[in-house]
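Me: Hey, I've got a protein model open and I'm still new to reading these. Can you walk me through it?
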Amino acid sequence: GAIAAIQTANVDATLRINKGTYSEQVALSSSFSASLHVVGEGSEVVRWKATGNSQTIFDVQSGVTEYVSISGIWLDNGTFTGCKGLNADAADGFLKECRFTTGGSSTSTGAEIGSGSNSVMVSDCIFGDSGIDAAGARAGEGLDVQGALLAIVKNCKFETATGLTVLNLNAHVSGCWLNCTTLDVAVVGSGTLGHALFNNCRWSNLTVTGGGDNLVFVGNNDS
């Protein structure tokens, strides 16, 4: 497909996706050393879906070093198990105005950002709008950010089993609404957590575990 052609050319590119439903699973491998911007017409009309269990819809693999952004797309795990809408093990990134359906089990994730990323911004996204398990309950994890040097998450909505996990990083989370059935926010550190600022967020179930310091909460509504 188009992603494969862009990777082969290995040049900075913008891929524009027209409205429609797509079922291709794609990956950027470590050989890709350019920037990529994937721009959909809108998450209401551009749906990129899983077709089976244990799939990753968009995979930015370890070794990709440049900037990757995705906007205006619905990454839909459906009710499948063990899926990821987005997996980014490398590259700096930007997610904007995307929708993530988490999937049909606790092993499914909307988006996972690995420790190979230096910085990531996630803005105006919806996680788990219709992710349900076989019993009809909310399932999966919305956004899991693991060890990036800086994560900015703003104006996002989480309605999953587990909402947002930040692990061993500097994080600024603002203007988010979390309405999850198991856990809204988990801040996890093993002594290397830098600064975590939560500003003007709403949640009912916040958990802070492990080490780390400089946790700041400003203007939040814990209800």
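Me: Okay, let me just start somewhere. How many bridges join strand E7 to strand E10, and which way do the two run?
Reply: Before anything else, keep in mind that this is a predicted model. Four bridges join E7, residues 68-71, to E10, residues 93-96, and the two strands run parallel.

Me: Which residue in E10 stands opposite Ile70?
Reply: That's Leu95.

Me: What sheet do those strands belong to, and in what order do its strands come?
Reply: E7 and E10 are part of an open sheet of nine strands with parallel pairing. The order goes E1-E4-E7-E10-E13-E16-E19-E22-E25. At the edges you'll find E1 (13-17) and E25 (215-218), each of which pairs on one side only. From one strand to the next, the twist averages 5 degrees.

Me: And which strands does helix H1 touch?
Reply: H1, residues 2-9, packs on the sheet and touches E1 and E4, the latter being residues 36-40. The direction of H1 makes about 175 degrees with that of E1.

Me: Zooming out, how many helices and strands are there in the protein?
Reply: There is one helix, and there are 26 strands.

Me: How much of the protein is buried?
Reply: Out of 223 residues, 48% are buried. There's also a nice number on contacts: take those between residues at least 6 apart in sequence, and 60% of them join residues at least 24 apart.

Me: I was looking at strand E16. Which side chains there are buried and which aren't?
Reply: They alternate along E16, which covers residues 150-154. Ala151 and Val153 point to one face and are buried. Leu150, Ile152 and Lys154 point to the other face and are not buried.

Me: What does E16 pair with?
Reply: E13 is joined to E16 by five bridges, and the two run parallel. Five bridges also join E16 to E19 (residues 170-174), again running parallel.

Me: Which residues are bridge partners there?
Reply: Between E13 and E16, Val120 has Ala151 as its bridge partner. Ile152 has a bridge partner in E19, namely His172.

Me: Switching topic. How many salt bridges are there?
Reply: The count comes to three. One of them is between the side chains of Arg47 and Asp76, at 2.8 Å from N to O. Arg47 sits in strand E5 (residues 46-49) and Asp76 in strand E8 (residues 74-76), so that pair, 29 residues apart, links distant parts of the chain.

Me: Are those two buried or exposed?
Reply: It's a mix. Arg47 has a relative accessible area of 28%, so it is partly exposed. Asp76 is at 4%, so it counts as buried. The cut-off for buried is under 20%.

Me: What about Glu112, which side chain does it meet?
Reply: Glu112 meets Lys84 in a salt bridge, at 3.2 Å from N to O. This pair links distant parts of the chain too: Glu112 is in strand E12 (residues 109-113), Lys84 is in strand E9 (residues 84-88), and they are 28 residues apart. Glu112 counts as buried because its relative accessibility is 13%. Lys84 is partly exposed, with 22%.

Me: And which residue does Glu159 meet?
Reply: The side chain of Glu159 meets that of Lys157, at 3.7 Å from N to O. Glu159 has 14% relative accessibility, so it counts as buried. Lys157, with 29%, counts as partly exposed.

Me: Now the holes. What volume does the largest pocket have?
Reply: About 170 Å³. Eleven residues line that pocket, and the closest to its centre are Ala2, Leu15, Ile17, Tyr22 and Glu24. H1, E1 and E5 each give two or more residues to the lining.

Me: Which element gives the most?
Reply: E1 does, with three residues.

Me: How many cavities of 30 Å³ or more are there?
Reply: One. The largest cavity has a volume of about 120 Å³.

Me: Which residues lie nearest its centre?
Reply: Val68, Leu86, Ala88, Gly93 and Phe94 lie nearest the centre of the largest cavity, out of 16 that line it. E7 and E10, the pair you started with, each supply at least two residues of that lining, and so do E9 and E13 (119-123).

Conventions. Residues numbered from 1 in each chain as written. Predicted model: local features only at pLDDT ≥ 70, side-chain atom pairs only at ≥ 80, totals over all residues. Heavy atoms only, no water. Pairing = 2+ DSSP bridges. Axes fitted to C-alpha atoms, helices over the stretch in contact; angles between N-to-C directions. Contact = heavy atoms within 4.5 Å. Salt bridge = Lys/Arg side-chain N within 4 Å of Asp/Glu carboxyl O. Buried < 20%, exposed > 50% of the residue type's maximum accessible area, 1.4 Å probe, protein only. 1 Å grid on protein atoms, 1.4 Å probe; cavity = no way out; pocket = protein on both sides within 12 Å on 5 of 7 lines; lining within 4 Å. Points joined across faces, edges and corners; volume = space filled by probe spheres on them.
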